[in-house]
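Student: Please take a close look at one buried acidic residue and at the chain contact in this model. I would like one connected account.

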There are 2 protein chains.
Amino acid sequence: MTQAKTGEPAASTGFVRLALDIGGTKLAAAVIEPDGRPAEPIRVPTPPSDVWAACRDLLTEVAAGQPVDAVGISSAGPVDLPAGSVAPINIPEWAADGFPIVAAIENHVPGARVRLAGDGVCAVLAEHRFGAARGEPNCIGMVVSTGIGGGIILNGRPVTGRTGNAGHLGHVVVVDPDGDPCTCGGRGCVETVASGPHSVRWAQAHGWTGADGKQLAEDARTGHPVALAALERAGRAVGSVLASVAATVDAPLAVVGGGFSLSGAPLWDPLLAAVAEHAGLSFLHGFRVVPAELGSGSSLIGAACLVDDPTD
Amino acid sequence: MTQAKTGEPAASTGFVRLALDIGGTKLAAAVIEPDGRPAEPIRVPTPPSDVWAACRDLLTEVAAGQPVDAVGISSAGPVDLPAGSVAPINIPEWAADGFPIVAAIENHVPGARVRLAGDGVCAVLAEHRFGAARGEPNCIGMVVSTGIGGGIILNGRPVTGRTGNAGHLGHVVVVDPDGDPCTCGGRGCVETVASGPHSVRWAQAHGWTGADGKQLAEDARTGHPVALAALERAGRAVGSVLASVAATVDAPLAVVGGGFSLSGAPLWDPLLAAVAEHAGLSFLHGFRVVPAELGSGSSLIGAACLVDDPTD
């Protein structure tokens, strides 16, 4: 367990603000610095059970005895903002019935302002505040990784929708609506075409003998035809979804992050080509898609952004 | 030219509010009644040129000498809300460079509050206020007609996006991203699969000998296999787009209107089946798609809604 740098309490209040990022693989928490970014976080693997205890202990550890007046939470989805709960598909203990994370934290830190959003929303919020979408009040974020997620910022504010789940871009239907079944219960979702693991499986089904997304990208870079085809397929699917979402919400910029987005030209060339082919409407001329700048810490940064405005 | 019923001026102010609906085929205008709905409108065909003069004369006629303090405008898209202009693809005189409709009306009716939105947004705003989405603060609207348009209401307010063009659902990419070119300049847009004219053309290309969407629907109802296949293809495409948009914006309800939406079970059965197949996410359980209630006058009603709140 890494030692966190203890953030300085805000001189004016003596309180600290915390950010917490809940994922299927790891939990991360940090004190929020005066500039609004999280300090170096403490990370722990997400345990198979007693996930709340792990979150609580992490928050206690990063707070290091200082009084806490706000906690921003990023969570894998789906979330339920009106209920203050989360039911991440990839946290088995919580997936079926959800977990009332907001109440749990309010109970753990009485009097603290607690704000929750999905991890895709937090990622784009971070890129909007500190990263590739700085200064752009209207932008689409997509995270292409083990799964595909996303979020939308319009007029400088996250689009939440009824339950806080707006931005589930991985479940936009592409190409072959009769395609692979999706873990969401639907079919043809872009996640089943373009996520890292699905791209790997497609390549393997077509004769590629590699094991993971990183190797797929390397092999594509050195010209392996099946690896190239897998990334072209993924890139085109992502690009067509981004054009579709741009037509839906009218934003001039999309930011794409996540581990699989680092696959280089073999993914980005077809992605950008698909955007150019499909974003035909006049108000989408100049629609840009750029790589994320903040890396895998963006959800935690976005969690910090949630509590940046003390009046919010 | 039909005689409009002259609306009563609001007793408290002596002023009337007007609604104007600008379309590629016709222009319509009416006085807004105290209940917020337009009175019986005057309609004129959209002329091939001097479109502004036709709009201006229409507004003068419906105002019938009464002072006007607000004008709500629905326009075929694209619009440019920051610029106050419109550049409808289907109004050749305005399509290339746009027309500054807000300034023109402000000039024509000095001192009036002028509000503009795209016709798809106005249609869903009307259904949200008076129609099939009454009481639902989060809903998706789609109009399936000569083209396919739409709009989105979240938290009771229209989603506009950067330029006011959010909701261009006809340009969401479906099924075959390498499909037919679209008038928008893109390819594979759902409009090229599921609009009335495109469905007719597909049916004709597959041996159906009818002439228009109405006949297509009639023939499908009586079991003509090609007509049925055309409507099934259209319905599935629309349903998959609605599921995609629901995952994007997190709304529990979609309202589908427009002339081609009146094609009955041969369209709606596959539409609803596709929604059920693709809307798998937990927060989309219970996602409903219903027919619009307000008919072809919904854009004008939505234009009236734009000026309903004097403080807006």
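**B:E136 and the contact between the chains**

Tutor: Start with what touches the residue. Beyond its neighbours within four places in sequence, B:E136 is in contact with B:H128, B:P252 and B:L253. This is a predicted model. B:E136 sits in the loop of chain B between α4 (119–130) and β8 (139–144). B:E136 is buried, yet has no salt bridge. The nearest side chain of opposite charge belongs to A:R162, 5.8 Å away. A salt bridge needs the nitrogen within 4 Å of a carboxyl oxygen. A polar partner is found in chain B: the backbone nitrogen of B:N138 lies 3.0 Å from a polar atom of the B:E136 side chain.

Now the interface. Chain B and chain A each put 41 residues into the contact. The area buried between them is about 3,400 Å², and carbon and sulfur atoms give 56% of that. In chain B, the residues that lose the most area to chain A are B:R162, B:T248 and B:H278, together 19% of what that side buries.

Next, charge and polarity. Two salt bridges are counted between chain B and chain A. The side chains of B:R187 and A:E277 form a salt bridge, 2.5 Å from N to O. Across the interface, 19 residue pairs are in polar contact. On the chain B side, β9 (148–154), α8 (225–249) and α9 (265–278) each supply at least two residues. The largest share, seven residues, comes from α8(B). By type, the chain B side divides into 17 nonpolar, 17 polar and seven charged residues.

Note on methods:
Residues are numbered from 1 along each chain as its sequence is written. Chains are lettered from A and ligands numbered from 1 in the order in which they are written. This is a predicted model: local features need pLDDT of at least 70, side-chain atom pairs count only at pLDDT 80 or more; totals for chains, interfaces and linings use all residues. Side-chain values use heavy atoms; hydrogens and water are left out. Helices (H or I, at least four residues) and strands (E, at least two) are DSSP runs, numbered from the N terminus. Buried means under 20% relative accessible area, exposed over 50%, partly exposed in between (1.4 Å probe, protein chains only). Lys and Arg count as positive and Asp and Glu as negative; His and the chain ends are not counted. A polar contact is a pair of N or O atoms within 3.5 Å; within protein, one must be able to donate a hydrogen and the other to accept it, and residues adjacent in sequence count only if both atoms are side-chain atoms. Contact means heavy atoms within 4.5 Å. Buried area is the accessible area (1.4 Å probe) that two parts lose on being put together, summed over both. Ala, Val, Leu, Ile, Met, Phe, Trp, Tyr, Cys and Pro count as nonpolar, Asp, Glu, Lys and Arg as charged, and the others, Gly among them, as polar.
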